[in-house]
Amino acid sequence: MIKIDIISGFLGAGKTTLIKKLIKDELHKEKVVLIENEFGEIGIDGGFLQDAGIEIREMNSGCICCSLVGDFRESLTKVIDEYEPERIIIEPSGVGKLSDVIAAVKDVAGEKDAQMNSFTTVADAMKCKMYMKNFGEFFNNQIENANTIVLSRTQNLSDEKLQAVVHEIKHHNEDATVITTPWDKLEGKVILEAMEQADILEKEMLKESEVCEVCGHHHPHEEHEHCHHEHHHEHHDHGNHECCCGHDHHHHHADDVFTSIGVETVNKYSEEELKNILEQLSDKDKFGAILRAKGMLESTDGEWLYFDMVPEECDVRKGKPTYTGRFCVIGSNMNEAAIKEAFHVA
């Protein structure tokens, strides 16, 4: 039986870092396939090379990493059939809805010898409040549909502020296991056990519930009947209707809210110049709401600069040369011309 773990997280939360830790500490013992389904026009972590829409590259410890484009369901089926892994880890787009990914994966798992093992969301403890307020439809969906929530950057918060973050998360998902201990103090095995234990508890709860035909959520029998009754008369309403289960039933796709700008360039930048550009991108009036920028660019001193940026935080470091300079910016209501001008590209 193939185990399928979905590890979601809003842009820059640290889900890739968590996955690497789990593979290094524990999952290298298994035959693992990691599937990345990123949002954006340009591949920063790897290009999309094969006609089938799947790029395959080897990882350490014999793990295989796939980047998927096109039909997710078809691609996932292809990976299962061709590689026959013991475990599949799916890393969805940072701006995707976890509920959508779960639904797509369940369709495939039902046809294959596979089981849904865990639904985990990585959340930046320092930015939870801001993302809940500004991008709640997407961020809250990841929180609400997870059985485990792994908080990142908790070491940067006071106990009081961290407790407030946990309180907000529990308001959206009271049943989830919340990991608050900084990752460098935990072994990957401990995190994995928490993820899988949460899934066991959730499965026990689901045995006592039914799936609402209207909203798709599990309710105890009596609540299920009430919800069905309410929607029997109002199923034609496609506006901002709140189900009796408390979920808002007006939906957007990530493409409706977020945009991505991908650029390849031969321009060279000094480290100081690049840091200055990234600091400028925080100006919402000029550039729009930028949630993530990442890339690799050649430096004026012959080195290569790799960078990651999320609101109020950026990291620039030296890296290996790549085939050409490139960067990707993801956000909402972005001014593409202003962003390209900041990077001195046409």
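The exercises below, each with a worked solution, concern a predicted model of a protein chain.

**Exercise 1. Describe the overall make-up of the protein chain in terms of helices, strands, buried residues and contacts between residues far apart in sequence.**

Begin with secondary structure: the protein chain holds twelve helices together with 16 strands. Next consider burial, where 49% of the 346 residues in the chain are buried. Finally, take the contacts between residues at least 6 apart in sequence; of these, 71% join residues that are at least 24 apart.

**Exercise 2. Locate the largest nonpolar core, and work out which residues have the most contacts inside it.**

The largest nonpolar core contains 46 residues, and Ile90 and Leu151 are those with the most contacts inside it. Helix H3, which spans residues 98-109, supplies the largest share of this core, namely six residues. A second core, separate from that one, has 23 residues, including Val263, Tyr269, Phe307 and Val345. As general background, nonpolar side chains in soluble globular proteins tend to be buried together.

To examine Ile90 further, set aside its neighbours within four places in sequence; the residues in contact with Ile90 are then Ile4, Asp5, Ile6, Ile7, Ile35, Phe72, Leu76, Val101 and Val105.

**Exercise 3. Classify the packing of helices H2 and H3 from their angle, and give the residues through which they meet.**

The first step is the geometry: H2, residues 72-83, packs against H3 at an angle of about 45 degrees, and the two axes are 10 Å apart. Because this angle is neither under 35 degrees nor in the range 65 to 115, nor over 145, H2 is oblique to H3. The handedness of the crossing of H2 and H3 is right-handed.

The second step is the contact itself, in which Phe72, Arg73, Leu76, Thr77 and Ile80 of H2 meet Ala104, Val105, Asp107 and Val108 of H3. Sorted by class, the contact of H2 with H3 consists of six nonpolar residues, one polar residue and two charged residues. Two of the H2 residues named here, Phe72 and Leu76, are also in contact with Ile90, as is Val105.

**Exercise 4. Decide whether Leu281, Thr324 and Glu313 are buried, partly exposed or exposed, and place each of them in its surroundings.**

Take Leu281 first, which is found in the loop between helix H10 (271-280) and helix H11 (284-287). Its relative accessibility is 2%, under the 20% limit, so Leu281 counts as buried. Residues up to four places away in sequence not being counted, Leu281 touches Phe287, Ile290, Ala293, Met309 and Phe343. The C-alpha atom of Leu281 is separated by 9.9 Å from that of Val329, although these residues are 48 apart along the chain.

Thr324 also belongs to a loop, between strand S15 (313-319) and strand S16 (325-332). With a relative accessible area of 16%, Thr324 is buried. Once residues up to four places away in sequence are left out, Thr324 touches Glu264, Thr265, Val266, Met296 and Trp304.

Glu313, by contrast, has its place in strand S15. The relative accessible area of Glu313 is 31%, which lies between the limits of 20% and 50%, and therefore Glu313 is partly exposed. Apart from neighbours within four places in sequence, Glu313 is in contact with Lys127, Arg153 and Asp308. From C-alpha to C-alpha, Glu313 and Ser282 are 9.6 Å apart in space, while 31 residues apart in sequence.

**Exercise 5. Where in the chain do Asn333 and His344 lie, and what is the sign of phi in each?**

The background for this step is that most residues other than glycine have a negative phi. Asn333, which is not a glycine, has a positive phi of about 55 degrees. Asn333 lies in the loop between S16 and helix H12 (336-342), and at 71% relative accessibility Asn333 counts as exposed. His344, likewise a residue other than glycine, has a positive phi near 60 degrees, and His344 lies in the segment after H12.

Conventions. Residues numbered from 1 in each chain as written. Predicted model: local features only at pLDDT ≥ 70, side-chain atom pairs only at ≥ 80, totals over all residues. Heavy atoms only, no water. Core = buried A, V, L, I, M, F, W, Y, C linked by side-chain atoms within 4.5 Å. Buried < 20%, exposed > 50% of the residue type's maximum accessible area, 1.4 Å probe, protein only. Helix = DSSP H or I, 4+ residues; strand = E, 2+ residues; numbered from the N terminus. Contact = heavy atoms within 4.5 Å. Axes fitted to C-alpha atoms, helices over the stretch in contact; angles between N-to-C directions. Left-handed = near helix turned anticlockwise from the far one by under 90°. Nonpolar A, V, L, I, M, F, W, Y, C, P; charged D, E, K, R; others polar.
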